[in-house]
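Open the model in your viewer and keep the sequence panel visible. The tour moves by selection, one stop at a time.

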Amino acid sequence: MTNYGLVIDQERCIGCQACAVSCKQENNVPMGQFWNRVLTEGGDKIDTPSGGYPEDGGSGSLDMQYQPTACQHCENAPCVKVCPVNATYTRDDGIVEIDYDKCIGCRYCMAACPYNARVFNWDEPDHMPEEGTGDVAARPQGVVEKCTFCSHRVDEGLDPACVVNCPADARIFGDLDDEGSTVSKYINEYETDQLLEDRGTNPKTHYISGEMSPGRPQTSDKMESELDDVSPWSDGSEDVPAEASESDSSGSGGSHHSIEGDAAPHVPAVGSGGDD
Amino acid sequence: MNNPQEPRLTPIDEWEDEATAMLDGVDYDTDLGLRMARDAIRVSNGELSDAEFHEKYHEEVLAEFGEDERPTKPEGFDDD
């Protein structure tokens, strides 16, 4: 069975906030709210290192690490267990999601989430531009919302927006139950941690720290399972979908391959970069 | 809550204050939410089973919300 998860290489993360911004845009997250945040480990304030500058020829002790944080899509999710109306639930593929039609705004799930990953729409959500952004409908006032691993994209065979838009290749998304998937290989190869492991929630987001991973050549915004051969352990020369080599002769910067069935790419067929 | 300017996750010993603040002004029982949140973590930890958790709060949840649709309901559990 599919069990989606995310690996974030903290050594590769450059704190650019592209994940936070692309999440906000893709998911139509209201003004003042964030589903995806880049926290910092270091000084007392965000983006502030601990330690001091070099003095008298010394090497200094400045130290800071980025800690991207969103819903961890826990295996043993406390938020799911406390929801009295079953609005927060775990999908068959492991993604923890909220049925906004069921949510009554009791906020018990927010109190139970150790990762502070959920936000509450206190007022009528405010969007800029007013009609909203991205491919997800706005949520109403009085409900709780959070990261969905971009389930609307995943359902179409696309990686989450934060993964596709990470310029440092610090994020890898895939099936944790597939030993051959890239996420599984990263978890097996590198020392990974989960946030607040002692709470027993068993998050599906794993963090690499200490040794930088090689990253993954971004050949497409399709999920790895839909590509013929993507291996982070190769030199990248084989990491090209079969269709791309046959059909992509335009040289444009958009979608690199044809899409089968009903799947639709979220990048323009012609034009440079950008997800929306 | 979920302040992007907050540099780190809330330390464990400060979690309860934060949870209380989240539930402040909610239309439902704040104390019940806090107790359930605390015990839901205990379920995750394995200190409490799903069934024990469900049974412990079933009556209160039913009284507060008029329904109890939590997924922790043990097989054969009598809702009444």
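Which residues point one way from strand 1 of chain A, and which the other way? Y4(A), L6(A) and I8(A) take one side, while G5(A), V7(A) and D9(A) take the other. All of them are buried.

Before going on, some ground rules. This is a predicted model, where local features need pLDDT of at least 70, side-chain atom pairs count only at pLDDT 80 or more, and totals for chains, interfaces and linings use all residues. Residues are numbered from 1 along each chain as its sequence is written, and chains are lettered from A and ligands numbered from 1 in the order in which they are written.

**Stop 1: strand 1 of chain A**

Select residues 4-9 of chain A. Six of the six residues in this strand are buried. Buried means that 20 or more other C-beta atoms lie within 10 Å of the residue's own; 12 or fewer means exposed, anything in between partly exposed, with C-beta atoms placed from the backbone. Strands (E, at least two residues) and helices (H or I, at least four) are DSSP runs, numbered from the N terminus.

Add residues 171-175 of chain A, which form strand 8. Strand 8 runs antiparallel to strand 1, and five bridges join the two. Now add strand 10, residues 205-208 of chain A. Strand 10 is parallel to strand 1, with four bridges between them. Pairing requires at least two DSSP bridges between two strands.

Centre on I8(A). Opposite I8(A) in strand 8 of chain A is R171(A). Its bridge partner in strand 10 of chain A is Y207(A).

**Stop 2: where the chains touch**

Select both sides of the contact: 34 residues from chain A and 33 residues from chain B. A contact puts two C-beta atoms, placed from the backbone, within 7 Å. On the chain A side, strand 2 (37-41), helix 2 (78-82) and helix 3 (108-112) each supply at least two residues. Colour that side by type: 19 nonpolar, seven polar and eight charged. Here Ala, Val, Leu, Ile, Met, Phe, Trp, Tyr, Cys and Pro are nonpolar, Asp, Glu, Lys and Arg are charged, and the others, Gly among them, are polar.

Pick A112(A). Beyond its neighbours within four places in sequence, A112(A) contacts P78(A), C79(A) and V82(A), plus A37(B), A40(B) and I41(B).

**Stop 3: chain B**

Hide chain A. Chain B has three helices and zero strands. Its radius of gyration is 15 Å, well over the 12 Å that the globule rule gives for 80 residues, so chain B is more spread out than a compact globule. The radius is taken over C-alpha atoms, and the rule is 2.2 Å times the number of residues to the power 0.38. The C-alpha trace spans about 45 × 30 × 15 Å along its principal axes. Of the 80 residues, 24% count as buried.

Select helix 1, residues 15-23 of chain B. Which of its residues are buried? They are A19(B), M22(B) and L23(B). These cover an arc of only 90 degrees around the axis, which puts them on the same side of helix 1 of chain B. The arc is that of the directions from the helix axis to the C-beta atoms. D17(B) and A21(B), on the other side, are exposed.

Show chain A again. The cover over those buried residues includes helix 3 of chain A together with helix 2 of chain B.

Finish on G25(B), which follows helix 1 of chain B and has a positive phi, near 80 degrees.
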